[in-house]
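Please open the structure in your viewer and keep the selection panel at hand. The stops below are meant to be followed in order.

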Amino acid sequence: MAQDRSDELLGMNRRILRRDFMNSALLASGGTLLGTLTPRQLVAEEEWTGYSGMGDYAGSNGNTYEIVHAGHQIRDNVFTAGAHEAADTGETFDCVVVGGGISGLAAALAFQKRNPKLSCLVLENHPVFGGEAKRNEFIIDGQRIGAPQGSDHFGTPKDRTFTAEYYERIGIDPSKFEYQNWGSDSPEIPVGHSFEFVQNPYGFFFGAKFGQNPGLWLIDPWTRKLEGAPLPPAMRGELLKYQALHSDPANRIVPSPELDRITMETLMMQRFGLSQETIRTIFTPGPGDPYGIGPDVLSAYCWGGGVMNRGLGTGSHAFPGGNDGIARHIVKTLIPSAISGDRTLPGVCLGHIDFGALDRPGQLARIRLHATVVGVCHEGDPTKSSTVAVTYTRGGKPYRLKARAVVLAGGSWTTKHIVLDLPDAQREAYGQFYRSPCMIANIALRNWRFLYKLGISGGYWFEGLGCFAAIRKLPLFAAAAKTMGPDSPVVLTLKVTFCHAGLPVEEQQTRGRAEILATPFREYERKIREQLTEMFGATGFDARRDVAGIILNRWGHAYGTPTPGFFYGKDGKPAPRDVLRNAPFGRIAFANTDLSGDPSHVTSITEAERAASQLLNSALRT
Ligand SMILES: Cc1cc2nc3c(=O)[nH]c(=O)nc-3n(C[C@H](O)[C@H](O)[C@H](O)COP(=O)(O)OP(=O)(O)OC[C@H]3O[C@@H](n4cnc5c(N)ncnc54)[C@H](O)[C@@H]3O)c2cc1C
């Protein structure tokens, strides 16, 4: 009974954008679904996926159930063990790109730019292109509001840099980003443009882990010198010393190969005098957040190595759906008819994807969705062969086609399994790549007055589900309402990483993936409602009234996670990324942001340009 009462208080039985609206759709298409899945699997999928939003991206929130299933089939060699005969599509392309994230799309655009006569096919396993750069869309109280599924913001690049020229090439002008104005009688407070740059002033929440019941918010913690934080005096002292040292430019950490020999945690202990306990209590993931894991396993080079190349220069911007805007602009440039609007910010952002235009026979640039590549192999000796065989599955059936050159842009975790003739050196190199899981929960709110009362638009916490969340202003070219205030509907984006500090990196990631895979939607929904009630109940959050919808984006292999040795190699061996980047293997070249050790759309693009260029200068030269 207590459970029932609590469910009621948390609004678990309220009708929101969750599963409720899926049931009718599911029933309508039940015949088709049951054709491929057993009822038992259907229940499992239904419990797992949850609501996936409106518009182009409905049905594609994070790694879908189908993708997880197909990914495990790759890992288990289901389609390459010889038992399945692939149907030959009869197609031969000049280039095939595996993976339709920003990197794969950028590779296709690079081929098109250098030689518009080349035929190029992108094979992407999800129902929509974009990879981690996709959006969720809600209609909240009549307003269409977007939110990022993962990749979120970009910086305004300096003039005449590669990034500036690239944005121009795909039609993005960062100077055109203007955001919603304040439109409330309540005095204005700062609200950012990106959920990941939590706007100052933000808050730190301390709950039961710090002996606080109810918990307490400390607003603008660093300016207040952590006054009132329920921390042991020694920990508070360490943190204040860290903050003073860290914010002094004289202590800037200069990138050097030595940093790649130690973990970020060791660096923080040596340079800032932090204890391991403080780092693991307050800074996990902390500075490791952009890599999806804590400082205990990351290379210290991630701190000072000039990484985080999300766009140089000042001014960070975000499309309503995050970097889906960048993926969409690349696609619009590659296949103009693929998105209904014109090639302007509102046109590309608000237009609809014409899925039929993506893969038209006869078209030189094509994108084939729902296609999981399970095997890539030169036909004959890689040094002499003139084609590569590519096998992919679609709707559970294997197909085979040919390519003169292939870019593997899907990421280390699948590439190492699907390149069947991958030499030992490259295989060993990929063996040193790790990918951390992450979940982005987008929570549609009818208002955010409970945050406003605290004077914040986002905050951090150190226990329970997730580690930070924020709301944000939307760019005017795509906002349904030109103004916003505490009573406006918004999306609160909450980030969940899976750190188990002290355990080996692989074990932390495996545990995280196991949790992402095994937790039903309803259990996460409950945890989200509990977490928000605990943190904001005192300032008026009512889970029954305020939550309009929830979408979970589960990414099993979200972030490349460079450990010591990743950037410069160890034990006298070359850096693993260099083994893969220095030269193509026959007719196969490697891309994806994870090769850079810097999770960023910019490196997705630069790795793609490099891979395409390598093939244009070798396999595709004649
Ligand atoms: C939560 C989160 C937040 C981020 N925030 C930012 C940010 O704010 N700014 C920023 O610049 N970067 C950010 N990033 C980094 C992000 O990784 C890059 O911006 C970029 O989106 C990565 O693009 P990609 O193409 O390299 O990889 P991905 O986006 O992973 O694309 C690879 C695609 O290939 C598909 N694929 C893999 N294997 C196969 C196969 N065998 N067959 C077919 N398809 C396959 C994958 O499913 C995926 O769709 C963030 C990442 C995460 C996870």
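The tour proceeds from the sheet and its helices to the ligand, a loop serine and the salt bridges.

This is a predicted model, in which local features need pLDDT of at least 70 and side-chain atom pairs count only at pLDDT 80 or more, while totals for chains, interfaces and linings use all residues. Residues are numbered from 1 along each chain as its sequence is written, and side-chain values use heavy atoms, with hydrogens and water left out.

**The sheet**

Select the 7 strands that form an open sheet of mixed pairing, in the order β8-β7-β15-β16-β18-β14-β19. Its edge strands, each pairing on one side only, are β8 (216-219) and β19 (547-560). From one strand to the next, the twist averages 20°. Strands here are DSSP runs of E with at least two residues, helices are runs of H or I with at least four, and both are numbered from the N terminus. Two strands pair if DSSP finds at least two bridges between them.

Next, isolate β16 (residues 468-470) and β18 (residues 490-497), which run antiparallel and are joined by 3 bridges. A469 has L494 in β18 as its bridge partner.

**Helices across the sheet**

Add helix α17 (residues 505-518), which lies across β14 (435-445) and β19 and runs at about 35° to β14. Then display helix α18 (residues 521-536), lying across β7 (203-206), β8, β14, β15 (458-461), β18 and β19. The angle between α18 and β19 is about 110°. Axes are lines fitted to C-alpha atoms, for helices over the stretch in contact (heavy atoms within 4.5 Å); angles run from 0 to 180 degrees between N-to-C directions.

**The ligand**

Which residues come nearest to the ligand? Of the 37 residues around it (one heavy atom within 4 Å), these are E124, N125, E132, S151 and H601. Three side chains can be inspected for polar contacts, that is, pairs of N or O atoms within 3.5 Å; within protein, one atom must be able to donate a hydrogen and the other to accept it, and residues adjacent in sequence count only if both atoms are side-chain atoms.

- N125: a side-chain N or O atom is 2.8 Å from a ligand oxygen.
- S151: a polar side-chain atom lies 2.7 Å from an oxygen of the ligand.
- E196: the corresponding distance to a ligand oxygen is 2.9 Å.

**A loop serine**

Go to S596, in the loop between β20 (588-590) and α21 (601-616). Is S596 buried or exposed? Its relative accessible area is 5%, so S596 is buried (under 20%; exposed is over 50%, partly exposed in between, with a 1.4 Å probe and protein chains only). The S596 side chain reaches the backbone oxygen of T593 at 2.7 Å. Leaving aside residues up to four places away in sequence, S596 touches F566, F567, R577, R581, T603 and E607.

**Salt bridges**

The structure holds 38 salt bridges, each a side-chain nitrogen of Lys or Arg within 4 Å of a carboxyl oxygen of Asp or Glu. Side chains of opposite charge can pair when their charged atoms come close.

Select R135 and E137, whose closest N and O atoms are 3.3 Å apart; both residues are buried. Move to R366 and D359, which meet at 2.7 Å, N to O; R366 counts as buried because its relative accessibility is 9%. For R360 and D354 the N to O distance is 4.0 Å. R360 is partly exposed at 39% relative accessibility, and D354 is partly exposed at 33%.

Finish with D7, R522, R526 and E530, which a network of salt bridges links.
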